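Ever wondered where words like "buried" or "salt bridge" come from when people talk about a protein? Let's take one and ask how each label is earned.

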Amino acid sequence: MSEPPHYCEGAAVVETGDGFFRPASRPARDFGVLLARTLVAAGTDGPVQVLDGMAGCGIRALRYGLEGGATAVWANDADPDRLPLLERNLARLPAAVHRQLSTATAQQLLAGCLVEGRRFELVDLDAFGCPAALVPLALEAVAFGGVLYLASTDGRSATGHDRLAAVRRFGAAARAHPASWEIALRLQLGLLARTAWAMGRGLSPLLSFSEGRAFRTAVRLARHPAAGEEAQLGLVAHCHGCGDQQVQSLLRLGRWRPCACPGAALDQGPALAVSGPLWIGPLQDPATLVAMLQQAEGGGAHLERPGRRRLERLRDDPAATPRCWPVDVIARHLGQGPPPLAPLVAALRAEGFATAASGVMAGQLRSEAPWPVIVATARRLLDR
Ligand SMILES: C[S@@+](CC[C@H](N)C(=O)[O-])C[C@H]1O[C@@H](n2cnc3c(N)ncnc32)[C@H](O)[C@@H]1O
């Protein structure tokens, strides 16, 4: 009989079986391993226990044990037919790594952890669809100082294509927006933050990214909210007429400033499309991303070149403001070709405005500059 085909990724060799598996999700797996290693590096020789709640073939759990420095891994998938595959793949874990396998639903698994008082340094939930219903139990399963690494493939409700579902799942308005992935990540973080706060906990985003199919956020859980953390929940308004964007924290909610549309000052402009409540603070923690890149350089954990480039782009854009525009949208407002992104970033920075090329969506400008200043600066660059 011929051997089943094997797939190699990082230090892992697995059978992927008949169920869901995407080689293209490799950067997300590489990042999870590097996050685990930063926990090991920052820890005080304590255990690093990882819960892989939607394990599929178990490749993440295996890599957490082989490369992530995990002292224990628990691989769970609700599909009982995957258990023999999980067993075969995780047999490759070093003997020193404690392992546990199960076939519960994530809801049952996490509820059991709560009942037993079990907490993990890293909880990885690589969900199909929207994991909103799992968030309270998932946060209960994370140790203080530990990380929840959450994926959602629910693009429709988070990008303004299903507004009813957005209200149901996020308790928020989600409107069409030129930086749609960014808004989706911020809605997810807003839900995580509100849930953590309701439990008396705090959180800080470490890593947020998407390739348009899955929306992935990693957050660190704190025993208590940090001072001022609640100011990071707010609303984002976008004018489909003139392109302006505004941001307000829920703590200091006031009237929206009139945009540049004709009649706006007299309250006769187009209605602003408002999304939120969502997370308006930074999406990335540059110190964590630097530590992850260093871990990859030190060897032991694998990071493919596309993943490295993505991580570097995210490191260079902490995403401190949600105000983002595709250069193509700026071009539409100018009535001429798109402005070159790097010179536009440099010019706005030289004018004193916090500005970056978005690390979340390629070809987008992130800036705190007023919209008319952005348009005028872009025009100047193109007219040179
Ligand atoms: C996106 S796949 C996981 C892929 C895997 N993490 C990887 O990197 O290859 C999601 C997995 O979750 C499982 N699943 C779906 N609903 C679940 C639930 N409610 N609880 C636990 N597992 C579930 C599916 O059987 C599927 O294998």
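Below are some questions and answers about the labels used for this structure.

Q: What kind of model is this, and what counts in it?
A: This is a predicted model, where local features need pLDDT of at least 70 and side-chain atom pairs count only at pLDDT 80 or more, while totals for chains, interfaces and linings use all residues. Residues are numbered from 1 along each chain as its sequence is written, and side-chain values use heavy atoms, with hydrogens and water left out.

Q: Why is M292 called buried?
A: Buried means under 20% relative accessible area, exposed means over 50%, and partly exposed is in between (1.4 Å probe, protein chains only). M292 has a relative accessible area of 0%, so it counts as buried. You'll find M292 in helix 9 (residues 286-297); helices (H or I, at least four residues) and strands (E, at least two) are DSSP runs, numbered from the N terminus.

Q: Which residues does M292 touch?
A: Leaving out residues up to four places away in sequence, M292 touches F31, L34, L35, T38, L207 and L311. Touching here is contact, meaning heavy atoms within 4.5 Å.

Q: Why is the pair D126 and R60 called a salt bridge?
A: The label needs a side-chain nitrogen of Lys or Arg within 4 Å of a carboxyl oxygen of Asp or Glu. For D126 and R60 the N to O distance is 3.2 Å, so the pair fits the rule. D126 sits in strand 6 (residues 120-126) and R60 in helix 2 (residues 59-66), 66 residues apart.

Q: Is D126 buried, exposed or partly exposed, and what about R60?
A: D126 has 23% relative accessibility, so it counts as partly exposed. R60 has a relative accessible area of 5%, so R60 is buried.

Q: What makes D126 and R216 a link between distant parts of the chain?
A: D126 also forms a salt bridge with R216, with the closest N and O atoms 3.0 Å apart. D126 lies in strand 6 and R216 in strand 9 (residues 215-222), so the pair ties together parts 90 residues apart in sequence. R216 is at 4% relative accessibility, so it counts as buried.

Q: How do you know that R323 and D244 meet in a salt bridge?
A: Their side chains come to 3.8 Å, N to O, and that meets the salt bridge rule. R323 is buried, with a relative accessible area of 8%, and D244 is buried too, at 6%.

Q: What joins the side chains of D317 and R366?
A: A polar contact of 2.8 Å joins them. The term means a pair of N or O atoms within 3.5 Å; within protein, one must be able to donate a hydrogen and the other to accept it, and residues adjacent in sequence count only if both atoms are side-chain atoms. D317 is buried, with a relative accessible area of 2%. R366 also meets E182 in a salt bridge (2.7 Å, N to O).

Q: Why is S102 called buried?
A: S102 has a relative accessible area of 15%, so it counts as buried. S102 is in strand 5 (residues 98-102), and its side chain makes a polar contact with the side chain of N76 (2.7 Å).
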